[in-house]
Amino acid sequence: MVQKIKIALPGGKEALCPAGLTVGEALAGGQGGNLASTMAAKVNGLPVDLSHSLAEAAAIEPIDVASSEGLSILRHSMSHVMAQAVQETFAGVQVAIGPAIEDGFYYDFEYAEGFTPQDLERIEARMREIAAADCPFERREVSREEAVELFRSKGEHYKVELLNDLPADVKTVSLYSQHGYIDLCRGPHVPSTGMIKAFKLLHVAGAYWRGDERNKMLQRIYGTGFATQEALEEHLRLLEEAKKRDHRRLGRELDLFQLNDEIGPGLVIFHPKGTLLRTIIEDWEKKEHLKRGYDLVIGPQILKVDLWKRSGHFDHYRENMYFTDVDEQTYGIKPMNCLSHMLIYKAKIRSYRDLPLRYFELGTVHRHEKAGVLHGLMRVRQFTQDDAHILCTPAQLNGEIRAIADFVGYAMGIFGFEYEVELSTRPENSIGSDQDWELATAALEGALRDGGMTYEVNEGEGAFYGPKIDFKLKDALKRKWQCATIQCDFTLPERFDLSYIGEDGEKHRPVMLHRVILGAIERFMGVLIEHYAGAFPLWLSPVQAAVLTVTDNHIPYGKEVRMRLVEAGIRAEGDFRNEKLGYKIREAQLQKTPFMLVIGDREVASGQVSPRQRDGKNLGSIGVEAFIALVRGQSSQFK
RNA sequence: GCCGAUGUAGCUCAGCCGGUAGAGCAACUGAUUCGUAAUCAGUAGGUCGGCGGUUCAAUCCCGCCCAUCGGCCCCA
């Protein structure tokens with residue numbers, strides 16, 4: 001007689017089922033049999049396959065493809081099918097790892113020849129055959145020795161290495177097979193390859209085994225997949241849309257900047273409009289810093305190499321630095337702004353009453369970034385940081401960190417950004433004592449907690465001189481870019497022997513915070529361009545209004561209007577060319593100009609202007625002064 | 001730096017099997033004087049990324065270099 005067990009189903013329902021029933025069967029009985037969108041299930045909170053059989057009483061809930069977890073399982077199964085397709089299509093391929101990722105999945109392969117875009121089509125075709133065969137994914141548990149033997153016999157040395165590196169207490173591992181293909185995997189997987197319908201392989205890229213550049217480079221194939229063909233097509237359409245707001249494209253179309261081979265890679269030339277945009281941001285920042293008790297300072301571009309040796313940069317950052325010889329003396333071109341600020345502090349004896357001291361510099365730095373990482377404005381070799389160094393007492397640290405975090409929050413609010421916060425801890429190649437690192441890390445973490453912020457921890461990702469809090473923004477293609485950062489540093493004050501006289505009349509060592517709010521102005525502008533898709537809010541728009549004349553007869557009045565706007569401090573251009581109005585409007589629209597002022601007979605006669613907003617809305621005829629007031633009103637918010 | 005792809009006019013892109021290149025838009029000239037997303041016609045514009053090689057002949061085939069794109073590592 002089969003034992004009955006009690007199963008708790010979603011929605012508070014319960015069922016008495018025979019032991020040995022599978023999760024899928026239990027769910028099918030409980031919810032009327034429609035499991036088409038169920039990828040797997042959770043039994044007592046742990047994800048399992050639908051084929052998992054229930055031995056004892058349990059609470060089960062389905063994992064639907066509509067959930068991010070369900071979609072990940074589907075994509076993970078797609079990566080297995082891709083691995084099978086690759087190995088069946090090409091000889092001599094070894095598999096490494098193949099997880100689901102944010103927008104799809106990948107699998108890493110060792111394949112000496114490498115894959116071509118044409119190969120992807122062949123792989124995709126084979127995947128469709130495997131999917132059409134509608135074969136079940138079958139889970140099997142074996143001893144780890146058995147698994148090692150299996151993969152060794154198949155020549156899969158990456159899988160063997162993964163197995164050997166499992167913790168010693170892991171005695172058994174799970175294998176999944178579909179359509180006669182076996183892979184080492186924790187699971188769960190979808191019930192059958194038939195569920196894999198809507199997918200597309202996107203591109204091939206190199207990737208180091210285990211993400212370590214000392215290891216062999218593998219071939220990674222990226223793909224994406226969804227529950228339905230419609231969702232897949234929608235995703236591909238969004239990718240196309242995202243490309244249209246790529247800052248590199250908009251930078252050219254809106255005439256903001258250029259990157260030019262003749263100058264050199266990673267070096268930006270700002271055109272007039274880009275420079276205007278940048279200047280507006282920088283002016284805003286200076287004001288905001290002065291409001292918050294910062295002092296503006298400026299340091300030199302090159303500093304003697306001895307100073308870089310003293311700071312530790314020469315030992316730990318040399319490969320990223322440029323050097324130049326002047327009068328037989330070697331100078332380092334600054335990759336960071338801290339040294340000058342240290343020397344400003346040291347210029348006289350400091351009292352505890354002076355602290356905290358906050359030195360702010362729009363500091364231009366040069367870093368020798370590896371050629372392969374350069375990317376538009378996001379990753380360049382010369383950039384300007386909105387950098388500050390705060391020197392304070394240990395007791396002031398928490399408050400200063402929180403004030404910076406607030407500043408970041410305020411700034412991100414102004415520009416309308418969502419962001420993620422990460423805490424990065426001590427890396428391998430670092431300077432300073434264990435105790436200082438602990439203190440610094442605790443200070444950052446404490447401030448995050450006190451501020452009630454949610455954050456992730458990145459072990460070993462800190463700067464060489466201290467741990468940091470990073471604030472990350474996403475670009476149009478969902479790549480994350482670090483902008484604001486707060487770094488806590490006990491080491492540099494030590495190395496430069498900074499001190500202040502305390503209440504007790506004794507010398508004490510101050511603590512230093514390195515921090516940026518927008519990060520690098522270049523990168524921030526890149527993210528900003530994509531964020532607004534080039535349609536900047538009025539206060540940031542390099543051109544706020546374009547005066548458009550209908551015919552040549554209207555040019556004198558058009559020029560007059562433009563002059564009045566310019567004199568009122570509005571960034572206005574005139575389009576007095578011999579073109580039809582529709583043409584001029586189209587052009588101003590493509591330039592994302594906030595206001596277009598149409599000047600025709602009516603306006604000349606009435607002495608007014610007819611503003612058209614870039615959203616297509618017409619404001620009717622209004623006086624020039626009224627328009628000036630309107631622009632001032634709408635852009636005064638932040639100025 | 002590593003893996004892969006790409007590089008033709010200012011921009012977007014054609015160019016077959018090797019026989020020194022085209023389109024649209026932009027620019028310029030002229031006509032048109034026009035009311036809310038492209039007026040018409042004409043003209044000009046290219047060492048086919050660079051350097052070598054193979055060939056009677058290279059945008060095309062081969063090698064090296066440079067740059068860009070997508071990733072990896074790294075990073076503001």
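## Strand pairing, a helix and a loop residue in chain A

Strand β19, residues 329-333, is joined to β17 by 3 bridges, and the two strands run antiparallel. Within this pairing, Leu 303 has Gly 332 in β19 as its bridge partner. The structure described here is a predicted model, and the statements below should be read with that in mind.

The pairing of β17 with β19 belongs to an open sheet of 3 strands, ordered β17-β19-β18, in which the pairing is antiparallel. Because β17 (302-304) and β18 (322-326) each have a single partner strand, they stand at the edges, and one side of each is left without a neighbour in the sheet. Neighbouring strands of this sheet are turned against each other by 40 degrees on average, with direction ignored.

Chain A as a whole contains 19 helices and 34 strands, and its C-alpha trace spans about 95 × 75 × 55 Å along the principal axes. Of its 639 residues, 50% are buried, while the accessible surface comes to about 30,100 Å², with 49% of that area belonging to carbon and sulfur atoms. Among the contacts in chain A with a separation of 6 or more, 68% are made by residues 24 or more positions apart. The domain assignment divides the chain into domain 1 (4-64), domain 2 (72-241), domain 3 (265-531) and domain 4 (545-638), and the C-alpha centres of domain 2 and domain 4 lie 58 Å apart.

Strand β29, residues 511-520, is mostly covered, with 10 of its 10 residues buried. Two of the strands that pair with β29 are set out below, each with a residue pair taken from the bridges or from the facing positions.

| Strand paired with β29 | Sense | Bridges | Residue pair |
|---|---|---|---|
| β22 (residues 382-392) | antiparallel | 7 bridges | Asp 387 and Val 516 |
| β26 (residues 480-489) | antiparallel | 5 bridges | Cys 488 and Leu 513 |

In the pairing with β22, Val 516 of β29 is the bridge partner of Asp 387, whereas in the pairing with β26 it is Leu 513 of β29 that stands opposite Cys 488.

Helix α4 offers a view of how burial is arranged around a helix. In α4, which covers residues 144-153, the buried residues are Arg 144, Ala 147, Val 148 and Phe 151. Seen down the axis of α4, these buried residues fall within an arc of 100 degrees, so they line one face of the helix. An α-helix has 3.6 residues a turn, so residues three or four places apart point the same way. The cover over the buried residues of α4 includes β9 (138-143), α5 (157-164), β10 (172-178) and β11 (181-184). On the face turned away from the buried side, α4 carries the exposed residues Glu 145 and Ser 153. After α4 comes Gly 155, which has a positive phi, near 75 degrees.

Glu 102 is a loop residue, placed between β7 (100-101) and β8 (104-110). Glu 102 counts as exposed because its relative accessible area is 53%, and the cut-off for that class is over 50%. Leaving aside residues up to four places away in sequence, Glu 102 touches Arg 75, Lys 474 and Lys 478. From Glu 102 to Ser 51 the separation is 51 residues in sequence and 26 Å in space, taken C-alpha to C-alpha.

Notes. Residues numbered from 1 in each chain as written. Chains lettered and ligands numbered in written order. Predicted model: local features only at pLDDT ≥ 70, side-chain atom pairs only at ≥ 80, totals over all residues. Heavy atoms only, no water. Domains from an automatic or database assignment. Buried < 20%, exposed > 50% of the residue type's maximum accessible area, 1.4 Å probe, protein only. Helix = DSSP H or I, 4+ residues; strand = E, 2+ residues; numbered from the N terminus. Arc of directions from axis to C-beta. Contact = heavy atoms within 4.5 Å. Pairing = 2+ DSSP bridges. Axes fitted to C-alpha atoms, helices over the stretch in contact; angles between N-to-C directions. Areas by Shrake-Rupley, 256 points an atom, 1.4 Å probe, with all protein chains shown as cover.
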